[in-house]
Amino acid sequence: MGSDGLMTTDEERAEHVEANRAYWNDKGVADHGPLAREHWAASEPRWGLWRTPESELAVFPPDVAGKRAIELGCGTGYVSAWLARAGAHPTGVDISEEQLEVARRMAAEFGPDFPLVHGDAERLPYRDGEFDLAISEYGASLWCDPHRWIPEAARVLRPGGRLVFLRPSPLFALCAAEDGPAGPRLLRPQFGTSRLDWGRSFEFTLPHGEMLRLLRSCGFEVEDLVEIQAPAKTHREYDYLSAEWARNWPCEELWRARLT
Ligand SMILES: C[S@@+](CC[C@H](N)C(=O)[O-])C[C@H]1O[C@@H](n2cnc3c(N)ncnc32)[C@H](O)[C@@H]1O
């Protein structure tokens, strides 16, 4: 997908969906086991790399109780579990059978139970307007072509429905290194690199202007874009990102939009 904002071709789509499915069936399970347990056991939702608390970030709309929610790329399902505990009716959709299996085990151990569906967030098996809220934390928001998953989210939401998603920032995508942590240098051009090929997997980070125009073209009104900063004190470090980097520059961000 280029800087002209075109969606992936059908061939590219088949390539990235299958590669990402295989990647998450394999590597993702090992990496995500402890994370899943930590999040399913938590009393309060904590988001993203720095575990920013829900009380600070307010990812869920205030009136979430009773709402029909769909999580796009639910992985191990903890976001849907948090939604269910807040009184919503979530459905988790994921392309990886293995990730869904972890989610089912977590649901059996911690509860609550909710539908976990094998499917592709770029082609959802739901009718128009079935949901009040679509949400993604590093799911479809990172691993799917935005020109395919955002129109799908718009399609399955009712008018007035909400879309909220967390993803890496475009700045981080420009600085992310193939091995080792991101540094203070731009390693690739922004134009033409919305679809990043990491060899075994593909990630998508549309620049801000293109994302804004895409959301608006799908009927969304953008309500907020929050650039998330790492806290002053944290013991968390990642092999691809240091807390110091993320205190100086935004490495992840939250978008809030409403279907008009
Ligand atoms: C970082 S994980 C999910 C995030 C979730 N919050 C978690 O950490 O468990 C990314 C998920 O996106 C899923 N995914 C990738 N491509 C997808 C697609 N086309 N449709 C649905 N899910 C997809 C992967 O299978 C994986 O489970």
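Biologist: Why is helix α6 (residues 146-156) called largely enclosed by the rest of the structure?

Modeller: Nine of its 11 residues are buried, so α6 earns that description. Buried means under 20% relative accessible area, exposed over 50%, and partly exposed in between, with a 1.4 Å probe and protein chains only. The model is predicted: local features need pLDDT of at least 70, side-chain atom pairs count only at pLDDT 80 or more, and totals for chains, interfaces and linings use all residues. Residues are numbered from 1 along each chain as its sequence is written, and side-chain values use heavy atoms, leaving out hydrogens and water.

Biologist: Which residues of α6 are buried?

Modeller: Among them are Trp149, Ile150 and Val156. Arg148 and Glu152 are also on the list.

Biologist: What makes α6 a helix in this numbering?

Modeller: Helices are DSSP runs of H or I with at least four residues, strands are runs of E with at least two, and both are numbered from the N terminus.

Biologist: Which residue caps the N-terminal end of α6?

Modeller: Asp145 does. One of its side-chain oxygens lies 2.8 Å from the backbone nitrogen of His147. A polar contact is a pair of N or O atoms within 3.5 Å; within protein, one must be able to donate a hydrogen and the other to accept it, and residues adjacent in sequence count only if both atoms are side-chain atoms.

Biologist: What makes Tyr78 and Asp94 polar contacts of the ligand?

Modeller: Distance. A ligand oxygen is 2.9 Å from a side-chain N or O atom of Tyr78. For Asp94, the value is 2.6 Å. Both fall within the 3.5 Å limit, so both count. A ligand nitrogen is also 3.2 Å from a polar backbone atom of Ile95.

Biologist: How many residues are around the ligand, and which come nearest?

Modeller: There are 20, and Thr76, Tyr78, Asp94, Asp120 and Ala121 come nearest. A residue is near if one of its heavy atoms lies within 4 Å. Helix α1 (residues 10-41) gives the most to this shell, with three residues.

Biologist: Why is strand β3 (residues 68-72) described as largely enclosed?

Modeller: Four of its five residues are buried, so the rest of the structure largely encloses it.

Biologist: How do you know that β3 pairs with strand β4 (residues 89-94)?

Modeller: Two strands pair if DSSP finds at least two bridges between them. Five bridges join β3 to β4, so they pair, and they run parallel. Arg68 has His89 as its bridge partner in β4. The chain passes from β3 through helix α3 (residues 78-85) to β4 in a right-handed β-α-β crossover. Right-handed means that, with the strands pointing away from the viewer, the path from the first strand over the helix to the second runs clockwise.

Biologist: What else joins β3?

Modeller: Three bridges link β3 to strand β6 (residues 131-137), also in parallel. Ala69 stands opposite Leu133 there.

Biologist: Which way does strand β7 (residues 157-168) run against strand β11 (residues 252-259), parallel or antiparallel?

Modeller: Antiparallel, over seven bridges. Phe165 stands opposite Trp255 in β11. With β6, however, β7 pairs in the parallel sense over six bridges.

Biologist: Why does Ala58 count as partly exposed?

Modeller: Its relative accessibility is 37%, which lies between 20% and 50%, so Ala58 is partly exposed. Ala58 sits in the loop between α2 (54-57) and β3. Its phi is positive, about 50°, although Ala58 is not a glycine.
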